[in-house]
Amino acid sequence: MKKISILFAAFMMAFSCTTTVQEEQLQTGDLVFVGLPMDYSLENDGDTMDSAIVAATGDDDLNMIHVAIAEVEDGEVWIIDATIKHGVDRHPLSVFLEDFTLKDGSYPEFIVKRLSDNSDASQWVENAKKYLGAPYDVAFQPADSAYYCSELVEASYLSENGSSLFHNAPMNFKNSDGEFPVYWEQLFARINSTIPQGKPGTNPQAMSKEDCLVPVEGVDITAIQ
């Protein structure tokens, strides 16, 4: 019986290693997802992009509203991501944390995930740098010269044959009631475009669930100096 118990424990340890990375150091190529509770209120700021994304893509207790790429260089942490404020940009971790500080001074949930095979991480980061300076894709249209956050990751994380490691899915801009938030209606009317509901695209919520990603436990990016 003791031998069976030992074998079972060894099996469980081996299985856990395939689903979770036990690593307390942020690494180049890691993805940082920004999550908010599903009932998070932006205090009457309901027409912002974040609140619209929360309404459209959330289906769990935690809603991922953003994803960013980490690069560790000479002990310093840099973030490459696409935001309305910066477009596609590379900036210190401190700028990223400041940008996502909530109105009450607290932070959202930062969840770090890593590709199960991270051997090409440096190349993926170099791919992302090719897009630095590109504008933020407010129209969420594929195959243009602008990028939103998960679109940048999709375009950068490529396999040897040039295909993305992540998958497209029909985009959803509607809330749980099946209606478009006012923000989206106003935004797409302003750029004289129809809302690309159902067109192929990506979002941080779906990307965070991709099978190629494993969670990295023990990393608190707010404590990194």
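In the predicted model, Asp74 is placed in the loop that links β3 and β4. The backbone of Asp74 adopts a positive phi of about 55°, although the residue is not a glycine. Most residues other than glycine have a negative phi. With a relative accessible area of 78%, Asp74 is exposed. A second residue of this kind is Phe140, whose phi, in a residue other than glycine, is positive and near 55°. Phe140 belongs to the loop between α4 and α5, and in contrast to Asp74, which is exposed at 78% relative accessible area, Phe140 is buried, with a value of 7%.

The overall framework of the protein consists of seven helices and nine strands. Of its 225 residues, 43% count as buried. Among the contacts between residues at least 6 apart in sequence, 70% join residues that are at least 24 apart.

The surroundings of Phe140 are aromatic. Aromatic pairs number 14 in the structure, and one of them joins Tyr136 and Phe140 in an edge-to-face arrangement, with 6.3 Å from centre to centre and 85° between the planes. Tyr136 has a relative accessibility of 13% and, because this falls under the 20% limit, counts as buried. Phe140 also pairs edge-to-face with Trp184, at 5.6 Å centre to centre and with 90° between the planes. Because Phe140 lies in the loop between α4 (121-129) and α5 (149-156), whereas Trp184 lies in helix α6 (residues 182-190), this pair ties together parts of the protein that are 44 residues apart in sequence. Both partners, Phe140 and Trp184, are buried. The two pairs belong to a wider arrangement, in that Tyr136, Phe140, Tyr148, Phe173, Tyr183, Trp184 and Phe188 form one aromatic cluster.

Helix α4 contributes a set of buried residues, namely Ala121, Trp124, Val125, Asn127 and Ala128. Viewed down the axis of α4, its buried residues fall within an arc of 155°, so they line one face of the helix. An α-helix has 3.6 residues a turn, so residues three or four places apart point the same way. The packing partners of the buried residues of α4 are β3 (62-73), β4 (76-83), β6 (109-115) and α5.

Two further residues make contacts with members of this buried set. Asn118, in the loop between β6 and α4, is buried at a relative accessible area of 18%. When residues up to four places away in sequence are not counted, Asn118 touches Gln27, Thr28, Asp30 and Trp124. Ala70, found in strand β3, is buried with a relative accessible area of 0%. Under the rule that leaves out residues up to four places away in sequence, Ala70 touches Leu26, Gln27, Thr28, Gly29, Asp30, Trp78, Ile79 and Val125. The C-alpha atoms of Ala70 and Gln27 are separated by 7.1 Å, although these residues are 43 apart along the chain. Trp78, one of the residues touched by Ala70, also carries a charged group over its ring, since the charged end of Arg90 sits there at 4.1 Å from the ring centre.

Empty space within the fold was examined next. Rolling a probe the size of a water molecule over the atoms shows where such space is left. The largest pocket has a volume of about 720 Å³. Its lining comprises 37 residues, of which Met49, Asp50, Ile53, Ile65 and Phe100 are the closest to the centre of the pocket. Several elements take part in this lining, as β2 (31-37), α2 (49-57), β3, β4, α5 and α6 each supply at least two residues. The largest share, five residues, comes from α2.

Notes:
Residues numbered from 1 in each chain as written. Predicted model: local features only at pLDDT ≥ 70, side-chain atom pairs only at ≥ 80, totals over all residues. Heavy atoms only, no water. Phe/Tyr/Trp six-rings, centres within 6.5 Å; stacked < 30°, edge-to-face > 60°. Buried < 20%, exposed > 50% of the residue type's maximum accessible area, 1.4 Å probe, protein only. Helix = DSSP H or I, 4+ residues; strand = E, 2+ residues; numbered from the N terminus. Lys NZ or Arg CZ within 6 Å of the ring centre and 35° of its normal. Arc of directions from axis to C-beta. Contact = heavy atoms within 4.5 Å. 1 Å grid on protein atoms, 1.4 Å probe; cavity = no way out; pocket = protein on both sides within 12 Å on 5 of 7 lines; lining within 4 Å. Points joined across faces, edges and corners; volume = space filled by probe spheres on them.
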